[in-house]
Amino acid sequence: MAGSPFSATYAEARDKFLAAATEAGASLSAYVHPQRGPDGGELATDVAWVGPADAQAVLVMVSGTHGVEGHCGSGAQVDWLHRGEYARLGPKLAVALVHAINPYGFAWSRRVTHENVDLNRNFIDFTKPLPQNPAYDGLAAAVKPLTWTETARNESREILLGYAREHGFPALVQAMSGGQYRHSDGIFYGGSGPTWSRRTLEAIFRERLSAASDVGIIDYHTGLGPEGYAEQIVSALPTSDEYRRAALWHGLAVASQSGGESVSAKLAGDWLDAAPGLLGHARVTGIALEYGTVESNQVLEALRADNWLHAHGDPLSAEGQAIKAQIRAAFYVDTQVWHGMVLGQSLIAGRQAIAGLTRAVAA
Ligand SMILES: [Zn+2]
């Protein structure tokens with residue numbers, strides 16, 4: 001009997017994923033990252049493919065878009081393999097498990113890529129004028145004080161909470177997490193060009209999905225909403241065909257991010273939103289599973305601490321290790337109950353997507 005599908009580190013997660021994929025008879029390919037992990041180990045995005053290489057319908061399950069959130073998604077992917085869910089695939093179906101699309105963030109317990117970029121703000125057209133976020137501009141100094149003493153933390157937190165008192169907490173969330181393109185050392189930074197992780201995901205799509213007429217997507221996230229509940233987020237508007245298909249597959253609790261129904265802020269540059277454009281030959285039906293962890297304030301404090309650490313501190317110091325424990329706890333609840341909720345809701349979403357794809361190619 002296989003042990004827990006969850007892992008304490010990226011290196012352990014990668015080992016478990018490769019072992020489970022090999023056991024399942026999947027074909028494996030690795031996209032090696034230019035940097036190394038904190039243990040000096042190799043970083044890579046691994047793709048496990050189950051089913052025919054030229055399958056008409058493909059379910060793509062992606063972990064680690066936001067690095068440290070990969071503890072959740074990796075566990076769900078390994079569990080999917082351990083359970084033998086691939087036995088449900090008909091002859092026209094395949095599943096691509098993309099493990100750790102942001103392996104640097106996973107290994108270093110960060111939400112961002114090694115370019116300090118939020119991958120889900122990076123899928124924009126950089127030849128066009130960049131989105132503006134004046135509210136973030138006004139708060140940028142408070143987001144990241146020069147020191148991380150208790151006094152500096154409290155003073156800067158007071159400024160942010162003062163903004164929330166004046167404009168409402170949702171306005172603070174929108175200002176912080178809506179994405180910004182001016183402060184490369186800040187949080188929720190969208191970058192100045194395509195990151196390694198974006199280029200890798202686009203390469204995987206190009207190389208592996210060009211024969212598919214129907215593509216389902218499940219992208220795993222954590223950190224927003226009630227603890228353990230997975231909101232099924234659709235990027236597209238509720239009036240779109242993609243949203244309607246997602247609701248048919250996954251049920252009436254799907255929530256449109258761009259339509260303002262979701263726990264997520266409205267944002268530009270998330271890859272789920274970009275996927276239909278990248279896969280213009282296919283019908284794309286995708287959701288993000290967004291699992292709640294801890295209070296939003298705790299999540300924001302952990303992100304600010306990690307942001308300060310990599311700008312001004314030493315991640316390998318004792319202080320750095322304490323901040324790493326803080327950010328990991330904000331995005332990964334290491335309890336039996338939370339693990340069970342992750343796997344249960346993931347199992348359902350995977351079966352729903354496979355059933356949806358099966359109907360699509362039978363029609
Ligand atoms: Zn996320």
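The following paragraphs describe the central sheet, the nonpolar core and two helix contacts of a predicted model.

The strands are arranged in an open sheet of eight members with mixed pairing, in the order β1-β2-β4-β3-β5-β8-β6-β7. At its edges stand β1 (27-36) and β7 (255-256), and because each has a single partner strand, one side of each is left without a neighbour in the sheet. Towards the β1 end of this order, strand β2 (residues 42-50) runs antiparallel to strand β4 (residues 93-99), to which it is joined by five bridges, and within this pair Ala48 of β2 stands opposite Leu97 in β4.

Strand β8 (residues 283-292) lies between β5 and β6 in the strand order, and its two pairings run in opposite senses, being parallel with β5 and antiparallel with β6. The pairing with strand β5 (residues 214-227) comprises 10 bridges, and Asp219 has Ala288 of β8 as its bridge partner. The pairing with strand β6 (residues 230-234) comprises four bridges; here Gln232 is partnered by Leu289 of β8, and Ala230 by Tyr291 of β8. In general, strands of a sheet pair through backbone hydrogen bonds, in either a parallel or an antiparallel sense. Strand β8 is also mostly covered, since nine of its 10 residues count as buried, a term that calls for 20 or more other C-beta atoms within 10 Å.

Strand β6 is likewise mostly covered, with five of its five residues buried. In a regular strand, side chains alternate between the two faces of the sheet. For β6 both faces are covered, with Ala230, Gln232 and Val234 buried on one side and Glu231 and Ile233 buried on the other. Besides its pairing with β8, strand β6 runs parallel to β7, the two being joined by two bridges, and Ile233 has Ala255 of β7 as its bridge partner.

The largest nonpolar core of the model contains 99 residues, and those with the most contacts inside it are Val58, Val60, Val215 and Ile287. In soluble globular proteins, nonpolar side chains tend to be buried together. When residues up to four places away in sequence are not counted, Val58 touches Ala94, Ala96, Leu209, Ala212 and Val215. Several of these residues recur around Ala282, which is placed in the loop between α9 (271-278) and β8; with neighbours within four places in sequence left aside, Ala282 is in contact with Leu209, Ala212, Ser213, Asp214 and Val215. Ala282 and Val215 are 67 residues apart in sequence, yet their C-alpha atoms are 6.5 Å apart in space. Ala282 is classed as buried because 20 other C-beta atoms lie within 10 Å, and 20 or more are required for that class.

Helix α2 (residues 70-82) lies across β3 (57-62), β4, β5 and β8, and runs at about 130° to β5. This helix also packs with helix α1 (residues 10-23), the axes of the two coming within 9 Å and crossing at roughly 20°. Angles under 35 degrees count as roughly parallel, and α1 and α2 are therefore roughly parallel to each other. Their crossing is left-handed, and the contact is made by Tyr10, Ala13, Lys16, Phe17, Ala20 and Ala21 of α1 together with Gly70, Ser74, Gln77, Val78, Leu81 and His82 of α2.

A further contact of α2 is with helix α12 (residues 336-362), from which its axis is 10 Å apart, with a packing angle of about 60°. That angle makes α2 oblique to α12, and the crossing of these two helices is right-handed. On the α2 side the contact involves Cys72, Gly75, Ala76, Asp79 and Trp80, which meet His339, Val342, Leu343, Ser346 and Gly350 in α12.

Met341 is also placed in helix α12. This residue is partly exposed because 18 other C-beta atoms lie within 10 Å, whereas a buried residue needs 20 or more. The C-alpha atoms of Met341 and Trp148 are separated by 35 Å, the two residues being 193 positions apart along the chain.

Key:
Residues numbered from 1 in each chain as written. Predicted model: local features only at pLDDT ≥ 70, side-chain atom pairs only at ≥ 80, totals over all residues. Core = buried A, V, L, I, M, F, W, Y, C linked by C-beta atoms within 7 Å. Buried ≥ 20, exposed ≤ 12 C-beta atoms within 10 Å, placed from the backbone. Contact = placed C-beta atoms within 7 Å. Pairing = 2+ DSSP bridges. Axes fitted to C-alpha atoms, helices over the stretch in contact; angles between N-to-C directions. Parallel < 35°, antiparallel > 145°, perpendicular 65-115°, else oblique. Left-handed = near helix turned anticlockwise from the far one by under 90°.
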